[in-house]
Structure formats: C-alpha cells, structure tokens
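Student: Could you take me through one part of this structure closely, and then show me how its surroundings are put together? I'd like to follow the reasoning as you go.

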Amino acid sequence: MGIEKHVPTRALTSAFDLVINWARKHSLWPMTFGTACCGIEIMSVLASRYDLGRFGSERVSFSPRQADLLIVAGRVQRREMYVLQRIYDQMAEPKWVISMGACASSGGIFDTYSMIQGVDRFIPVDVYIPGCPPKPEDIINSLLLLRKKIQKHESVKKEPDRKLKDIYDPHSDYHPRFPEFRKDE
Amino acid sequence: MNNNLKKAVKKIDKKFKDVVLKKEYFRGDYTYEVKADRLKEFMAFLKDDKTTSFEMLSSVTGVDYSEYDDDKRRFGIIYSLISIKNKIRLNVRVRVSEERCRVDSMYGLWHSADWQEREIYDLYGVHFDGHPDLRRILLDEKDYGEVHPLRKDYPLKGKGERHSPLKDYGENL
Amino acid sequence: MKDILPPITGDKIEINYGPSHPAMHGTLHVIIQLDGEMITKCTPVLGYLHCGFEKLGEHRTYNQYVTVTDRMNYCSPLANNVSYIQAVEKLFDVEITEKCSVMRTMILEIARIMDHAVQVGMQAVDLGAYTPMVWLFKERELLYDIVEELTGTRMTTSWTLIGGATRDIPNKAWLDKIRKFTRRFPKAIREVERLLNKNKIWHDRTRGIGAISKEEAINWGLTGPILRATGADLDLRKDFPYLSYDQVDFDIPVGEKGDVLDRYFVRMQEMLESNKIIRQCVDNMPEGPINIDEPKIIYPKKDDVYTKMEELIHHFKITMLGHGPEPAKGEVYNAIEAPNGELGWYLVSDGGQYPYRVHTRAPSFVNYSTLPTQMKGHMISDLVAVVGSLNIIAGELDR
C-alpha cells in the first residue's frame, strides 16, 4: 500500500499481515500465459470437472494489470521471452509466478537453438510444477502450496527475498520491435 | 486411380524427355528430378494439362543433401502435387548448388507456395526469384541475422543465440 | 451496412493484435492497419513458438520421435502419432495387422471429436457464449478417461510404434465404455446446437464473414473443414483411402458459401459422422494380435522376453542405439486427413537408424496464410471470428 515503506519495524504490522494474507491467499486472480500443450490442461482445470473457481480463482484475467498470479504454462521461445518479461513488469506488487510443466521450468525435451531453458533465468518463480503436461490435480496442489507461501508474506521487509541479480542475463533487456507489413499489400 | 497415374506419367515422359534428369518409383509414388532452369514450364504444364491437372500444391520441402551423397548440388527442393480431379499424387525435385542457390518461385501458379517458400529461405538460405515478399518468417531477423539453422553444419543447441549459459552451474552452451 | 455509413477519412492507425491476447489462442500476433473500424491491411507474424522440431528429428530415432510428434497438435495428439507412424511404415514397407488398422481408425476419429470440440468451444467463448465450451469440455473429459485407460496419460500419448502399438485393448469393459459414450454423444451435440443454430447473435456475427471461393481456396492450398465449407469435396479418407476407411460407412458434409457459419455447421456434422464411425469400429473389432510378428522391427511379447533367450536378444537389439531397425535409402511423402486438414510427412532416409530429414506439412501453417484474403473489407471484431474459425494451433504452426 506504499505506507509500508515508512513503517520502521515488522512488529507493528504483523497483526495486519495475518488478516491481509488470509484474504489474499483465498482470492488469487490468475493470468494464464498459456502458450502450448499445458495451455489445454489449464483450460481443463478451469472447466467443470476440476474447477479452479472453488479455490477463489473464479475470475481469470487476461490483462496483467488486474492479476496477481502469473501461470506460465508452456514452452517459451526466445522471441516470446520479451513478451513475457514485459507482462511480468506490468503486474502490480505483490505478485507470484507459477512455472507449470517441464518446458517452462527447465526447457523440457526441447534443448534446441531457440528455446529458453527455464523461465527462471529471467523472471523469479515461486512454485514449479513438474510433468509433461502435469495432471490437473497437480495444478490444484501447487495452488495449495502457494497459499502456504503467501501466508508467510511480510509487507515490511528488511531485504528483498528475490535476488534477480544472481542470474541476470545480458540478453534479457527487451526492446520494442515493430514488424513490417507485406510489400505487396 | 492407378490408370490415371500411368497415363499422366506416360504423357510427361513423352513431352519432357530433355528436361527430366531422373525418374524414381519408390513405395508407390513417382518422383521426377528436373533441371532448375526449365522448372517453370514443367510446372505450368502439370497444372494446366487435362491428363495431369494438378490443381493443388500441397507441400514444399527443403533438404540439405551434403551428407547424403557426393553431389555438388547441395540443396534440394521437393514439390508435392495433388490432383483432385484425377485423384493422383506426384513429387517433383530440383537441386541447386551452394554458390548459385536460386530457384524460380511457384507463387504465380499456386499461392500455397507463399509461406512455405519463405520458410525454406528462413531455415536453409535458398532464394526464390519472383516471390513477392521474401523475408524471414519463423526466426527473428535481429537475433538470428545470418544464421540458417537447418543446415547440416549448424549444431542442434545453436551457437549461443538462445541465451548466455550459466557458467557457475557448469553449463557450456 | 457498409453502404449506409459515410466514407471514413483521416489518418490510419497501426496496432498490434498482440502475442498475448485473450482472443488469440496461444501466441498469435497480427498487425493491422485501421481506418476507423475497417481493416485496410492485415499481416500475421509467426514464430513465437518455433522449437526446432525438424532439427530435433535428425537426432532421434524413428521410434523416439513419436513422443515429439505429440507436442505438435496438442488438441488431438493421437492423430499426429498415427500419421507419423504411417509415413514411417510406408518407408519401411511394413504391413500392419487388421486389428491394428481398425484400432487406428477408431483412435483417429476419437481425436477428431476432441479437436472439433475444442474449436467450437473456444470460438463460442470468443464471441461471447460461455456455456457451449463447458458442455463440450465435459464430453472431452469422458474421452480423456477412455484414452487414459488405453495409453496411460491424458494428452501426450505416444501410443504407436512401427508395426503396431505400445499397448493393446485393456479389457472387454473398455469397448463397452466406448459404446456407452457413442450412445450419449449425439444428445450432447443436440443440446449445443439448440443454443447456437438458430441464435440471431451467432448468425449476425458469423454469416458472410471471411467468405472465400472454391477456386481461390484450392489455389491457396486450404484443406480440411475450411475447404469443405466452400463447396469442394476433397476428403483424403474417401479419395485416397487408407487404414480401414473403405470398410466403414460415412458421409462427408459439404458447405456452400465458405464463411464462418458454414465452417461451424461442417464441424458439428463431422463430429456426428465420427461418432458413427467409432460405433461401427467397436461393433466389428477383429480378434488377434495388434503387433506384427517381425522381431527385427517391433518388440516381442513381454512374457517371452523375460523367459526365452532369443526374444531377449531381439528386445535388446531394437532398444539399444546402434542396432535398431533401419530402412532402405529413399524418400517418401504420406498424408492423412487430420482434424485440421491434410497432415503430411516427408521423410528422407539414408539407411541409418536416424532419419536424415523429417518435414511436417502442417495444415495450420498453410491455412493461416489465407488470413489477409479473408479479411478484406471487414471490421476489427470480425478478426476474432475468422481467427477462431481457422483453428490455428500454434504448436503446429511454428513447429
């Protein structure tokens, strides 16, 4: 809320944190960045049999500015990484990232010239789900694991808990690019 | 169906004796290898003539034959044609060398060659004369500049274009 | 409607219909030039999911590459498995058993129902109707249960091998499960049709949008339900029959105008025809083994591998790298009728264990190139309807 930066110690806000974290973890609004096969499993999770809406994620937003959970579902190519980074920067704090599937966590079976070997080289990830594709029960399990992490979230922090500089990659600066129309159109 | 194929093959053999370099029959399909400079009239005949009448070009494939045989003509382009009226299929192959890797584009006859030829230019580096808009389609111009990844001398993991390796964790590429 | 409005003058804007958009399924990117709300220029940009499948094919053996083909068209992965292994069997010159042929026909039709269900559901969601998607996904979950009993997983199945399959029918109850599904499926389709067929909003948003003529469609290389909606009746199951399609009885729905509404009707009718084919296959399933009896190409039975010496040696030889099955030197092209269109494979072999070149003729790739032709004179909200109706699967598009 902004006021947290001016509060000197954590002791003043711990009671607030209990209530606020309880509210946050029961109403996560996901943004599903589904690129490939894992995207179809996300659609199955949001459908009627494995309903994700009963865990509070009823409203799936497609705009990063209105979401607080980013589910990276699918393989990420080099060109797509620019897009993903821009989306991650547009989300408002506090935000969490779930990396779903083998391809988003570590490259999967695609160890080729154009695939990113793990999304966590460029954006920080909270929960990894293994599987190709993971079963819908695994996805629901990961949401429950994330809730435990959210309960421990502190709004007044001494140091940031994500050190992006350890794995910073010089290729990761995104630059907007405007592709061209066809010449004969 | 087999009758139509035999009639079509007989007519092509009669008319284009000097253009056809090789004729192969493998697993039930015919493949013609033709000279690269006479390709356009050969294809125009295949499209317009009544016995053959190949209205649809279903697939354009590129192959790098450098480790297949010792021919100097390194790149091969294979066109797979299908005739809806006569219900027959045919393959046509053209081979070009590395110094002069230019082929006539089939965009004027069949528009389905549009993106498939762009893909071959992107991944192999073969130019198509007469194509209205020949530029890269699957890879990024800025990141992959001069690289044509499907050639046989390019490694599977690339030469460092995807991202820099994590040296602290022992990665090499 | 367009003649009543005054002519639009003014500056034209160029916007990105971006790589991350709710109506763009996955990673599709279109740049449009707008004049008011009319689209003047429209160019798709590809390559956001280019994984290097074809380069990967040169470093995996023929049997190992089946696991990679699942990830191409992920809405109907069984169709990719069957079509790839059919091309490899043409190269190896191998004849499959009758039971395998009938099983593969049935599996292909199950994949067709799965793919069309996703397409109709997602198109309805794009245009505002949320309910058909939930109902069709329920049918899809029942099919997932059936597939999971046969192969072990829901989606990335990798079920076929050269000369047969990894697993046979589990038990008699599995066939009864499929019979029960074919009895309830037409009722579910009729419920969805009752919502959409005579709906004025659906007709207004899809009638006349994206029309393309028959000759133009053939020239641009369109195949599948999109071509059949324009009036041409090219269907590889009837014109170049393969597997057991000449022994089953089915019709091919053909449309008239080639617009989005006709494509919807063709797909709904095709799902009912597939249901008929599945029912006939289940009723006439032959007895016998599913794999051929050729120990140099396909694994022998597991009981024999554990107890007899010769079968153990054959199993070792097929699995270990350096000894596996090897075809003759040559090139082959084979195509089948996948749910999206003509899915073709071009294989070049140099006599070794690894293919020299594997190329996929992806139907989405060729169908998507007609987007600028179809969008002439339409508005920006029609782009959503047209892209939804083309059924572009990004994994197949970029490979």
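Student: With 14 C-beta neighbours inside 10 Å, how does Lys87(B) count: buried, exposed or partly exposed?

Tutor: Happy to, and please keep in mind that this is a predicted model. Lys87(B) counts as partly exposed, because 14 C-beta neighbours inside 10 Å fall between the 12 or fewer of an exposed residue and the 20 or more of a buried one. Lys87(B) sits in the loop that joins strand E4 (75-83) to strand E5 (88-96) of chain B. Its phi is near 60 degrees, a positive value in a residue other than glycine.

Chain C offers a useful counterpart. Ser158(C) is not a glycine either, yet has a positive phi of about 50 degrees. This serine belongs to the loop between H5 and strand E4 (160-161) of chain C. Ser158(C) has 21 C-beta neighbours inside 10 Å and therefore counts as buried.

Chain A has a backbone feature of another kind. The peptide bond from Cys132(A) to Pro133(A) is cis, with omega near -10 degrees. Pro133(A) is in the loop between E4 and H5 of chain A, which brings us to the helix that follows.

Helix H5 (residues 136-151) of chain A has 16 residues and spans 23 Å from its first C-alpha to its last, close to the 22 Å expected at 1.5 Å a residue. Its buried residues are Pro136(A), Ile139(A), Leu143(A) and Ile150(A). Viewed down the axis of H5(A), these buried residues fall within an arc of 55 degrees, so they line one face of the helix. The helical repeat helps here: an α-helix has 3.6 residues a turn, so residues three or four places apart point the same way. On the other side of H5(A), Glu137(A), Leu144(A) and Lys148(A) are exposed. The cover over the buried residues of H5(A) includes helix H1 (14-25), helix H2 (37-46), strand E3 (96-100) and strand E4 (127-129) of chain A.

Now for the wider packing. The largest nonpolar core has 185 residues, and those touching the most other members are Ile71(A), Val72(A), Met100(A), Ile77(B) and Leu347(C). Helix H4 (residues 98-126) of chain C gives the largest share of this core, 14 residues. Beyond its neighbours within four places in sequence, Ile71(A) is in contact with Pro30(A), Thr32(A), Phe33(A), Ile42(A), Ile98(A) and Met100(A).

Back to chain B, where we began: its contact with chain C takes 29 residues from chain B and 35 residues from chain C. On the side of chain C that touches chain B, E6(C) gives the most, with 5 residues. The residues on that side divide into 14 nonpolar, 10 polar and 11 charged.

Chain C also meets chain A, in a contact that takes 30 residues from chain C and 31 residues from chain A. H5(C) provides the largest share of the side of chain C that touches chain A, 4 residues. That side divides into 16 nonpolar, 9 polar and 5 charged residues.

One caution about confidence before you look further. Chain A averages a pLDDT of 81, and 77% of its residues score at least 70. Over residues 163-176 of chain A, however, pLDDT stays under 50, and the model has 15 contacts beyond four places in sequence for that stretch. Where pLDDT is low, the predicted coordinates should not be read in detail.

Note on methods. Residues numbered from 1 in each chain as written. Chains lettered and ligands numbered in written order. Predicted model: local features only at pLDDT ≥ 70, side-chain atom pairs only at ≥ 80, totals over all residues. pLDDT = per-residue confidence, 0-100. Contact = placed C-beta atoms within 7 Å. Helix = DSSP H or I, 4+ residues; strand = E, 2+ residues; numbered from the N terminus. Expected span 1.5 Å × (residues − 1). Arc of directions from axis to C-beta. Nonpolar A, V, L, I, M, F, W, Y, C, P; charged D, E, K, R; others polar. Core = buried A, V, L, I, M, F, W, Y, C linked by C-beta atoms within 7 Å.
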